[in-house]
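Biologist: I am new to this structure and would like a close look at a single part of it. Please take the surroundings of the ligand, and then place that part within the rest of the chain.

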Amino acid sequence: MPTSTPELERELEQRFGFASFRDGQEAAISRLLDGKSVLAIFPTGGGKSLCYQLPALVLDGLTVVISPLIALMKDQLDFLVGKGAPAARLDSTLTKDENRKLFDDLYQDRLKLLYISPERLGNERFLRAIARQKISLLAIDEAHCISEWGHNFRPDYLKIAHLAKQLKVERVLALTATATPPVAADIRNAFGIADQDEVHTGFYRPNLDLSIVPALGRDRKELLLERIRRRPQGSTIVYVTLQRTAEEVAAYLSANGLSASAYHAGLKDEDRASLQDAFMSSPNAVIVATIAFGMGVDKSDIRYVYHYNLPKGLESYSQEIGRAGRDGEPSVCEMLASSEDLITLENFSYGDTPQPEAVAEFTQQVLTAGEVFDISEYELSNRFDMRPLVVKTLLTYLELEGCLASTGPFYTEYKFQPQCSSADIFARVGQEESDFLRAVFRHAKKGSRWFSLDTTTASQTIGQPRDRVVAALVQLEENGDLVLQAAGVRQGYRRLRIPDDTKALARSLNQRFQKRESNDIERIQRVVELAQHDGCLTQHLLRYFGETRNACEHCCRCRDEKPTPLGNAHQTKLSHEDEQRIRGLIEEGHQSIRTPRQLTRFLCGITSPATTRAKLRKSSNMFGAFNTRSFKATLEFVEHLLGH
Ligand code: ADP
């Protein structure tokens, strides 16, 4: 096992062709090779992946890498395969043959690195397959997602620590580019990483000039145009919160002679890819983007990052400005700051908190659904009027409470288009099989282009296992007799125990959601504090991430530009007239806005599964009628009106 610096450098040179380690890499790698678990906090582009790629090739056994970003996984894989490393990724885009080859390679110990998405860990079949392997290293990318108090919590991540133990993983490498001290502590606790095995390279980037310009009450588009025009041309990202704003701002800049385009999640995949390519190859392009843009964009000469709207936290802010000036050349990061943005940002958080009544009912129903049951997250989301992510989070909480075990996803509904006559198929198989297939086909409903089949009800009425029905369809597809598509994904669960006091459990789940909400709101306040901070901005930002430094001498405050208060955009007082309007809406008796939270969301312009389904937004002019008010004040008012 290589341990000394020259030995490690030889491995680095031979396997990857790199002459020397970057900051932090050797420290992380040598600890891992020494059998320790490590938390590595490097800025984006700092070379985190090498910290598991090199050990993976040196250690015997398998390295499993959990990464939520499929696009990044693909780039990494191309890199590794190019270096002759035996690596593969398991994701839902693989064909059946690719899948089979991957598992063959895994069982024959031909793989050293396997990339998976976090969702894969909810799949019992996959876990059984992987449990047979010796896993010498488990690497977790974006490890801050494990912390409920971090900025990007993902329910799947909560299960990773438990699984690492179950799979007897020898060592863990947790990787992230943003972790405040409490989040880093959360990660270390979850994986039993010693304090001294946290490798932190520091976030300070001397070539980034931070500045904040007050935008309240000004025409922000004009302000942005003026800022862009006064500076030399260069590759520019303008971050906005809403897709609509991205379109408006890009159109405005283009109309004023700049080469600007909008980029957001509402565009088609191919359009996004071509916009990204055009941006990558141009030295002067301006891209006006929501946060959907940036993941995996490795352009070294981005000269300007503007925040047209307030970022939703200092974590997002530092990640977004971190895309500027990767080449080390001076770059400008400017925020146009106005309290007008606060309501939109806060409403994202408020929209995610479920109603307490729904959480209690949800818990009760799921725990009494039977020993073995399956659910559709989509259906539950509609039934309980919770966003799908909230449904996932609740189910994960119940798993972590030891009440449920996930058995993985499966498809209940299949759609198919026959490619030959059914008589041809029946003629080819034996009597029993043709009777069976005939019965299956009888259950298929004919649509305009596809037949659809609910495999659960079909199997129940025919009296044959569901697996046999699915296997028969898959076989017919392999023979080329039909084109098959799976639809209607459901998640399987086993119930492990019913807690003594379900109501108390529901109460504690509600408290968890409440705490997350107040954390998110506080995170937005940290941005406001930065924008109004009267000292060095760089220093203030780094302090949030646990680093102490002297003043940077190059941000706008160090240049002596004084902060301007952002102003208070919330109109909190509700009038008698407001009360009359709300009462009027209550009297209309809409089912989808019965509870205080549902009604408040609606008034504040926050969508929910129930109001969307009821098409209430279109039929009532009260949707968003209070969107300039504080959610909290409106909620209190509504609770009072509804007698809660
Ligand atoms: P991160 O995951 O921290 O954002 P990556 O692991 O993707 O960063 O690394 C960024 C780039 O740096 C990659 O192209 C990688 O190949 C390169 N790189 C990593 N380590 C070294 C090194 N020691 N020497 C030269 N290039 C490196």
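Modeller: By class, the shell around the ligand is made up of four nonpolar, seven polar and two charged residues. This is a predicted model. There are 13 residues around the ligand, and S20, Q25, G45, K48 and S49 come nearest.

Contacts to oxygen atoms of the ligand can be listed one by one. R22 takes part through its side chain: a polar atom there lies 3.0 Å from an oxygen atom of the ligand. G47 takes part through its backbone, where a polar atom is 3.1 Å from an oxygen atom of the ligand. K48 also has a backbone N or O atom facing the ligand, at 2.9 Å from an oxygen atom. As for area, the ligand taken alone exposes 570 Å², and the protein buries 72% of that. In general, the size of an interface is often given as the accessible area lost when the parts come together.

Now the rest of the chain. The division is into domain 1 (5-200), domain 2 (208-338 + 533-544) and domain 3 (576-642). Between the C-alpha centres of domain 1 and domain 3 the distance is 46 Å.

One open sheet has six strands with parallel pairing, in the order β8-β13-β12-β9-β11-β10. Its edge strands are β8 (208-214) and β10 (260-263), each of which pairs on one side only. On average, neighbouring strands of this sheet are turned by 20° against each other, direction ignored. Within the sheet, strand β12 (residues 302-307) and strand β13 (residues 331-337) run parallel and are joined by four bridges. Y304 has V332 of β13 standing opposite.

Another open sheet has five strands with antiparallel pairing, and its order is β14-β18-β15-β17-β16. β14 (372-375) and β16 (445-446) stand at the edges with a single partner strand each, so one side of each is left without a neighbour in the sheet. Strand β15 can be followed to two partners. With strand β18 (residues 482-495), β15 pairs in the antiparallel sense over 13 bridges. There, Y414 has A486 in β18 as its bridge partner. Strand β15 (residues 404-418) is also joined to strand β17 (residues 451-454) by four bridges, and these two run antiparallel. K415 stands opposite S452 in β17. As a general point, side chains in a regular strand alternate between the two faces of the sheet.

To return to the part you asked about: S20, Q25, G45, K48 and S49 come nearest to the ligand, and the protein buries 72% of the area that the ligand exposes when taken alone.

Conventions: Residues numbered from 1 in each chain as written. Predicted model: local features only at pLDDT ≥ 70, side-chain atom pairs only at ≥ 80, totals over all residues. Heavy atoms only, no water. Near = heavy atom within 4 Å. Polar contact = N/O pair within 3.5 Å; in protein donor to acceptor, adjacent residues only side chain to side chain. Areas by Shrake-Rupley, 256 points an atom, 1.4 Å probe, with all protein chains shown as cover. Nonpolar A, V, L, I, M, F, W, Y, C, P; charged D, E, K, R; others polar. Pairing = 2+ DSSP bridges. Domains from an automatic or database assignment. Axes fitted to C-alpha atoms, helices over the stretch in contact; angles between N-to-C directions.
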